[in-house]
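Subject: Handing over the structure

Hello,

Please find the structure below, with its sequence, so that you can follow along as you read. After it I have set out what was found, one topic at a time.

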Amino acid sequence: MNLRTLEADLGRRFARLTTNAVVARPRLWSLFRRLTRAQFDRLAPEWTGRRSADAFEALERALGTLPVSPRHALDLGTGTGLAAFAVARRFPEAEVVGVDLAERMVEEARSGMPPELAGRVTFETGDAERLPFEDGSFELVTLANMIPFFDELVRLVAPGGHVVFSFSSGPQTPIWVPPDRLRRELERRGFAEFADFESGAGIALLARKGDPL
């Protein structure tokens, strides 16, 4: 095993360790935040090249079933912006915000902005644990290979809005949360109408936030 392969393997193991720890105990994020940011800052220049051609097909399938086009969408853990661009192309009337912890990822996303999307897609550096958006700001939130912070998701998604989780390599994705765990966490926070999607190795889960009583 050469050094580059070893580094990649260690990076995947660290991502899985971080995901498992933070999903189980969100307060542990404070221990992992700095190292996670450094890891993805380092990966930013080569991140787009690592994405397979079908990396977001399951996500696309889920987006294609939404009953209403969102006006405002948020892509958490946006990386170099590929999922945010997919959302913007799917919903031509939507304003899309991509947020990532790693500043260099955000720089790459901005530099890779397709000209036809420049007026509707913006990128910001931020921590998904707590974001500077008003309650219920988004009719759609997407997370592609991203650690979820469930309480913040509940706050951000508008009543009747949707959240989509996707994992490009299914259970082999370094950042991976099993669908049954996602369902349990979302159900007890008022989400319902779940739907599962598969494409190649990738999977996605769609859920709707309940309307206010």
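A pocket, as the word is used here, is an open set of points on a 1 Å grid over the protein atoms alone, with protein on both sides within 12 Å along at least five of seven lines. Please keep in mind throughout that this is a predicted model.

With that meaning in hand, the second largest pocket has a volume of about 230 Å³. Its lining is made up of V22, V23, P26, E129, P148, F149, F150, D151, E152, E185, R188 and R189. Helix 1 and helix 6 each supply at least two residues of that lining, and helix 6 gives the most, with three residues. Sorted by class, the lining of this second largest pocket holds six nonpolar and six charged residues, but no polar ones.

The largest pocket encloses about 980 Å³ of space, and of the 49 residues that line this pocket, those closest to its centre are F40, L43, W47, R51 and I175. Several elements, namely helix 1 (3-24), helix 2, strand 1 (72-76), helix 4 (82-90) and strand 2 (95-100), each supply at least two residues of the lining, while helix 2 gives the most to the lining of the largest pocket, with nine residues. By class, the lining of the largest pocket consists of 23 nonpolar, 15 polar and eleven charged residues.

There is also one cavity of 30 Å³ or more in the structure, and the space in this largest cavity comes to about 30 Å³. A15, T18, T19, T36, Q39, F40, I147 and I175 line the largest cavity, with helix 1 and helix 2 each supplying at least two residues of the lining. The lining of the largest cavity has four nonpolar and four polar residues, and no charged ones.

Turning to the packing of side chains, the largest nonpolar core has 45 residues, among which L74, L76, V141, V163 and F165 touch the most other members. Helix 2 (residues 29-50) gives the most to this core, with six residues. If residues up to four places away in sequence are not counted, F165 touches L143, P148, F150, L153, L182, L186, I203, A204 and L205. A second, separate core has 27 residues, including L63, A73, A88 and L117.

Two of the residues that F165 touches, L182 and L186, bring us to helix 7. In helix 7 (residues 179-187), the residues L182, E185 and L186 are buried. Seen down the axis of helix 7, its buried residues fall within an arc of 95°, and so they line one face of the helix. A general rule helps here: an α-helix has 3.6 residues a turn, so residues three or four places apart point the same way. The buried residues of helix 7 pack against helix 6 (150-156), strand 5 (157-167), strand 6 (191-199) and strand 7 (202-209).

Two residues deserve a look for their backbone angles, and the background is that most residues other than glycine have a negative phi. N145 lies in the loop between strand 4 (138-144) and helix 6, and its phi is near 55°, a positive value in a residue other than glycine. E193, which lies in strand 6, likewise has a positive phi near 55°. Which of these is buried and which is exposed? N145 is buried, with a relative accessible area of 17%, whereas E193 is exposed, with a relative accessible area of 55%.

Finally, there are two loop residues that you may like to find for yourself. T78 sits in the loop between strand 1 and helix 4, and T78 is buried, with a relative accessible area of 6%. Leaving aside its neighbours within four places in sequence, T78 is in contact with A84, G98, V99, D100 and F123. F56 lies in the loop between helix 2 and helix 3 (57-63). Although F56 and A86 are 30 residues apart in sequence, their C-alpha atoms are 8.2 Å apart in space. Not counting residues up to four places away in sequence, F56 touches L82, A83 and A144.

With best wishes

Note on methods:
Residues are numbered from 1 along each chain as its sequence is written. This is a predicted model: local features need pLDDT of at least 70, side-chain atom pairs count only at pLDDT 80 or more; totals for chains, interfaces and linings use all residues. Side-chain values use heavy atoms; hydrogens and water are left out. A nonpolar core is a set of buried Ala, Val, Leu, Ile, Met, Phe, Trp, Tyr and Cys residues joined through side-chain atoms within 4.5 Å. Buried means under 20% relative accessible area, exposed over 50%, partly exposed in between (1.4 Å probe, protein chains only). Helices (H or I, at least four residues) and strands (E, at least two) are DSSP runs, numbered from the N terminus. Contact means heavy atoms within 4.5 Å. The arc is that of the directions from the helix axis to the C-beta atoms. On a 1 Å grid over the protein atoms alone, a cavity is a set of points where a 1.4 Å probe fits but cannot get out, and a pocket is an open set with protein on both sides within 12 Å along at least five of seven lines; lining residues have an atom within 4 Å of a point. Grid points are joined across faces, edges and corners, and a volume is the space filled by probe spheres set on the points. Ala, Val, Leu, Ile, Met, Phe, Trp, Tyr, Cys and Pro count as nonpolar, Asp, Glu, Lys and Arg as charged, and the others, Gly among them, as polar.
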